[in-house]
Structures are given as C-alpha cells and as structure tokens.
Amino acid sequence: MVTFRKQYVVSRPVYSDDSFDEDHKKIYRLHKTSLDHLKAYLTCDSKRAKNAVLSFLPIIGWMRIYRVREWLLGDVVSGISTGMVAIMQGLAFSLLASLPPSYGLFTAFFPMLTYFFLGTSRHISVGSFPVLSLMVGAVVTRLVPEVGQPANITGFDGLTQDQQRVLVASSVTFLMGIFQLAMGVLQVGFIVRYLSDTLVSGFTTAAAVHILVSQLKFVLGLTVPGINGPLALIYTLEKVFVQITSTNICDLVMSIVIMVVVFIVKELNDRYKARLPVPIPIEVIMTIIACGVSYGFNFETRYDVEVVGKMVSGYESPIAPNIEVFQESAVEAFPIAIVGFAVAFSVAKVYSIKHDYTIDGNQELIAFGVSNMFGASFKSFAASTALSRTAVQESSGGKTQIAGLISAMMAMIVTMALGFLLEPLPRSVLGALVIVNLKGMLMQFREIPYLLRKDILECVVWVGTCLGAILLGLDIGLAVGLGLELLTVVFRTQFPRCSVLVNISGTNLYKDRKDYLDIFEPNGVKIFRIPSPIFFANIEFFRDKLVEAVGFNPLRVLRKRNKALRKIKKLLRKQDGDISEKGMKDLFCMNVEDSDRPSDLNDPPIRVNWNAELPANISVPTVDLHSLILDFSAVSFLDISAMKGLRTALKEFVRVDVDVYIVSCDAYILEKLHSCLFFDEEILTSMFFPTLHDAVLHVLEKHQEDKGGTVIKDTKL
C-alpha cells in the first residue's frame, strides 16, 4: 500500500537553550504558594456554592434532563429485571457473609436508597458483591465462630449467635463506610489507581476460589466450621474431604441440576442477547421451582436438607455499631473499603464511557461511604456492585438510577410481604447459584498465558496476588499484590531500558541504533537516552549504563592521565632524550612552565594532547569520543541525590575533554537545577539544547570548523 506523505521544511538557526532565550522572551510566572491554594479552596461565591450542591447531589443533574417518554419504560423494565437478580444474589451472598439469608435483602434495599441521591453513575446496580461478602464473612466467623466461644465483646451479652453475627457484619460495614466517606471528603479517590487491572483480576480470581470452596459445604450438605487465617482454604478443603462420605445426595443432585440448567441458559442469554429484549431470569425461575419442589416433597424433614428457614418479616429498628468490633476489625475493614470502591468505580467507568457521561471518583467514595453507613444502621452488610447485575440493569434498558430504585423497591416488597415464600428454599440451591455465577471470575485464569507472553512483570503481579490471596487470605493477599505492584514500578524505574541513539539518514529523527539499518552516526559523538525519571535509586544504574555506552570509564581515564602526567614531569626534569623538542610541541597544549603546578584529580597541572604520541613507557586509555549528548526528553523529575550524581558524572567527562550536552530537558527540572546551584565554571548553561537535532548540528559544525571544513555537505544532515 502506497502512503502519500506531505513534506515540511523548517529554516531556523541552531538553538541552544541560552540562544533560544535570547531570541524569544520567556514569561516568568509567579507560582502560587500553599497559602494561596488554601485561600482559593476556602473562598466561596454563588457559582461555587451551586457547583458544590450539584456535585454533592448528582441526582439534580440527571433529573433535569430526564426524558420521561423515552427513558421511563426502560427504567421500569430494567428495575424489575435487576430486582429479581438482586434478590436472588442477596440471599445467596449472605451465606458468604455467614449471615441468615434474609439480611441479603436488606443489602439490596438500604444502600441503594442513598446511592440514588449521591452516586454519579447512572447504570451500576448497588448491592451485595461476593468478594466483599466473603471478606466480611471472614471477620464474622473469626469473632463469632460456629463452634466455640465468641470474642470477648461486651455488646454480645444476651444476643443469639445470629444476632452477634449481624452485629459484627453491620459494624464492619459501618467502619468500611467511614473509611470510604473519609477518603471522599479528603479527595483521595486517586488511591484506586494503585489497584491495576492486573492486580484486581488476580485478586478477584483468588476470591472466586475462596467462594467456591466456601460453598461446597452447602452444595454437599456438610457441616464445616468457618476457618480463618493463612492456609484457611487448605484446611477447609481437608475438612470437606474428610466428611465427603456424609454428602447429602439430595442436596448434591439438586445443586448439579441447577448449576447445569443455569449455566446453559446463561450461555444462551449471552449468545442471543441481541435478539432477547430482556435476559431470561433463570436464577429466579430455578429458585421458584426449587422452593415449590422443596415445599411439596418436604425436603427438610424427609431428606434432612437445610433450608433458608424463618425469614425476617419487615424491617427492624436501626442499631448502633459496636466500638469494640471497630477495634477488632479495623485492619480488615480498610481493604474491604478499598476493594468495594475499586470494583464499583471500575464497573461505573466502563458504562460511563459507553454512554458518554462523567463520573467523579471522590463523589463515588462519598456515595458508597454514606450508603454503607446508612445500610449498616439497618443491619445490611457491605455493598458495592456486581458486574453481572449491572449488565442486566444496562442491557435491559436502564438509563438512570430510577431502575436501581425500582429494584430496591422489589427487594422491599419481598421483605415486607413475600419473604415467607422463600423459607422452604434449600441452602444448597443458593450455594449452586453462587458457584455458577463465578464463571466470569474463574475464567480470568486464561489471562496468565497472555500476560506471560506480553509482560512478564504483569504476570508476576497477577500470579503473586492470586496465590497470596488464596493461601494467605484475601486481606493479606491484597497487601501482597500491592507490594508486588509497587516492586514492578520500582524495577521499571530503577532499571530502565537505556539506549544509544543514531540519526536516521536524511531526517532529523533519532532512533535506537539496534533497530535500523539506514543510519548515520557521526564519529566521536555518542547520543545516550534514559527513558525514566532519575532519582536516588537509579542514578548509579544510569552512570553504569552511560559508561557501558561510551566504552570507557572517565574517572579511570582521568586517574591514568594524572599518573601519566607525573611520569612526564619526571622526564621533563631529567630532560629525557625520549622527548624531543618537536614531541614536546605536539604533546603539550599549554606552556611547560605550568608543569610545576600540583597534580590532582580536580586540577590537572598541564594540559596534554593525549592523542599525540606518548613516550614509550607511558600509556593511557584512548578516548575516541569528543561529544556526549544526553537525551532527557523522557526524564520527568530529578531528585537531589540524583542531581549530585549527575553533576559528578558530567564533571568526569568534561575533565577528560569530552563536551557534554543535555537536550530536551524539562523546564521544571531546569528551574530546579538553577535553584540547587547545579552550574559552575565546568557545568554551564550553554550545555543545554532544546532539541536533539540542534545539539547534533552544533557538535558537527563545531568540530568541522576545527578541521577547517563545512558541516552540512559531509554529514547527510
């Protein structure tokens, strides 16, 4: 395919940074102080007050543009569809939180009420999320184990085991909400950026494995106590396999049938989603069938099947969180808050891009913080979103959070009036529904070969996070993943891929010498590029790579030259015949009288033409380089330690008669160099050039003039 390219021609002088500033006046701006920023933040006027209200109550923004005729029907249909899924998931995910199933309906109702007013996403379905439920359940079973005494908490006095667990779950959720609200008020929504897609994928995959194992006891009809801490998953599997011969066949058969049917219908939903106006609510259908069959054949007494049992009818009065639970669970509540927000924000961002509207990370933190605190007061547990439920809400026609409000109303109807119909529902059915919904998260294992081929460090983060979360627990696993992720950042910046650049013949472009054939590399000129910030951890790596690129160590050359100078001084004093008068004229660039000056690294006594022929018993390393150009176009910052190391490295090259130039240096870095007194009689501002091509042309012209010729004709530039 022939590509037609336009030509451009630029005629201008060769600029250094100094000469550019002479020709083009720079505006020196006054940077605001911290006090100025504080005053601006605290200043209030009518416009800012209006923006603050609109920001805190996003509902005002989208309600003003709400198209009743176009959107209302879609929101109603979507709300009903999402509500049925939310009810089933609420019941199922409450088992992950080690709570009675009816409390999952609270999570499908209360958090949505506040998010409706405060949230910026118009499409996510707020409610229970399996990973959060499992993390809350870990705290619940630690403080209120199934076997043995609960933790020594005064608030447990006079409460049943279920009531103690509800108190723990609601208190952990309330503390989670406090953390989210505090982060939102402090404007630290950016913290979610430290959770990369790779880390989240590995973490949620590990959570899916934990969820799968936790549901085996329901699917098999076994009694397995909750286990926490490192290797809890291994110990749980051990207890399951020890009791495997006690499996309840009715539970197992029913679970397998439901998983197969739900899986097949979900696959059909995905395949024919373009033709289906609404996905088939197979979970709801199977739940209704299972309830009817269980009630009709009396599974609870005839086959010893554990059922949902007594459902809470109506809503209970709000409760205060327990401070002692706060103290016991603060370490777990913070990662729960981070994971809940990260998942919700990631899902919200996908749909905001698809439907072309913006979401505010800090406002989302506030919305989820208030939602979880409000819900926890009414005994719900941790709320976020679930991708499958949100997909139903969006694909079935939902345009705004009115769909979410309707889904919450459906949960309220079941809680207030229809909850008794779910009492004969076998818990194994809920376990089967949980497991079959793990398909998406478990299929993330397929990312390992892709990451292994494309980016080994990302693969290490994924595998390390997943294994850490599986073996050590979700909270410690998340910390392991963050540690690995930060290590990869350190590794990438501490050991960047430095390169030697060359000119692409006939252009003003410079590329890696290893990548092209038609290149021009001037003799005596080396162009070195470091694609990373330079700071205390990589300055020595930078200097080592620079020495490797130029082919000699300037400090070693300097020491050899000073040693040779001392020998030359002795020869001069002896008037050695090996040094003829002509040889002395070729050898010295300064008067011989200067040879009596002291010799050290900083101030060589005489200047010698080291390219001339030296006496037979004197040898120094040859330096074929006359100009070194450092490309700083990718250097975003320079700290004090790196500045000192850079200054030393530049002086070493200058003292072995190598001209050093720095190109494309960021203006902020230049300001910092000036303020830190980087420049002196050896390190000059004239070393800095605005572009790489300017520096190369300057070098070629300078050294061509030394030879008495012209530059452009001989260099292809």
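What follows is a conversation about helix packing, buried cores and some individual residues in a predicted model.

Colleague: What should be kept in mind about this model before its values are read?

Modeller: This is a predicted model, in which local features need pLDDT of at least 70 and side-chain atom pairs count only at pLDDT 80 or more, while totals for chains, interfaces and linings use all residues. Residues are numbered from 1 along each chain as its sequence is written, and side-chain values use heavy atoms, with hydrogens and water left out.

Colleague: What makes a set of residues a nonpolar core, and which members of the largest one touch the most others?

Modeller: A nonpolar core is a set of buried Ala, Val, Leu, Ile, Met, Phe, Trp, Tyr and Cys residues joined through side-chain atoms within 4.5 Å, where buried means under 20% relative accessible area, exposed means over 50%, and partly exposed lies in between (1.4 Å probe, protein chains only). The largest such core has 118 residues, and V168 and I258 touch the most other members. Helix α15, residues 323–355, gives the most to this core, with 13 residues; helices here are DSSP runs of H or I with at least four residues, strands are runs of E with at least two, and both are numbered from the N terminus.

Colleague: Which residues does V168 touch, once those up to four places away in sequence are not counted?

Modeller: They are V139, V140, L143, V144, F156 and V325, and contact means heavy atoms within 4.5 Å. Apart from the largest core lies another, of 39 residues, which includes V557, M643, L646 and I669.

Colleague: Why are α8 and α15 called roughly antiparallel?

Modeller: Two packed helices are described by the angle between their axes and the distance between the axes. The axes are lines fitted to C-alpha atoms, for helices over the stretch in contact, and the angles run from 0 to 180 degrees between N-to-C directions. Angles under 35 degrees count as roughly parallel, over 145 as roughly antiparallel, 65 to 115 as roughly perpendicular, and the rest as oblique. Helix α8 (residues 130–143) and α15 pack at about 170 degrees, with their axes 10 Å apart, and they are therefore roughly antiparallel to each other. In this contact V131, L132, M135, V136, V139, R142 and L143 of α8 meet V325, E328, S329, E332, P335, I336, V339 and G340 of α15.

Colleague: Why, then, are α15 and α16 called oblique?

Modeller: The axes of α15 and helix α16 (residues 361–377) come within 11 Å and cross at roughly 125 degrees, and the two helices are therefore oblique to each other. Their contact joins F341, A344 and F345 in α15 to G361, E364, L365 and F368 in α16.

Colleague: How do you know that D356, in the loop between α15 and α16, is exposed rather than buried?

Modeller: D356 has a relative accessibility of 71%, and therefore counts as exposed. D356 also has a positive phi of about 60 degrees although it is not a glycine. Most residues other than glycine have a negative phi.

Colleague: What makes L677 count as exposed?

Modeller: Its relative accessibility of 67% is why L677 counts as exposed. L677 lies in the loop between α28 (667–675) and β9 (688–689), and has a positive phi of about 55 degrees although it is not a glycine.

Colleague: Why is helix α19 described as largely enclosed?

Modeller: In α19, residues 427–436, 10 of the 10 residues are buried, so the helix is largely enclosed by the rest of the structure. Its buried residues pack against α5 (68–96), α10, α12 (249–271), α13 (282–297) and α20 (439–442).

Colleague: What makes L212 of helix α10 partly exposed?

Modeller: At 29% relative accessibility, L212 counts as partly exposed. L212 and I435 are 223 residues apart in sequence and 5.9 Å apart in space, C-alpha to C-alpha, and, leaving aside its neighbours within four places in sequence, L212 is in contact with I435 and L438.

Colleague: And why is I289, found in helix α13, called partly exposed?

Modeller: I289 has a relative accessible area of 45%, and is therefore partly exposed. I289 and L425 are 136 residues apart in sequence and 9.3 Å apart in space, C-alpha to C-alpha.
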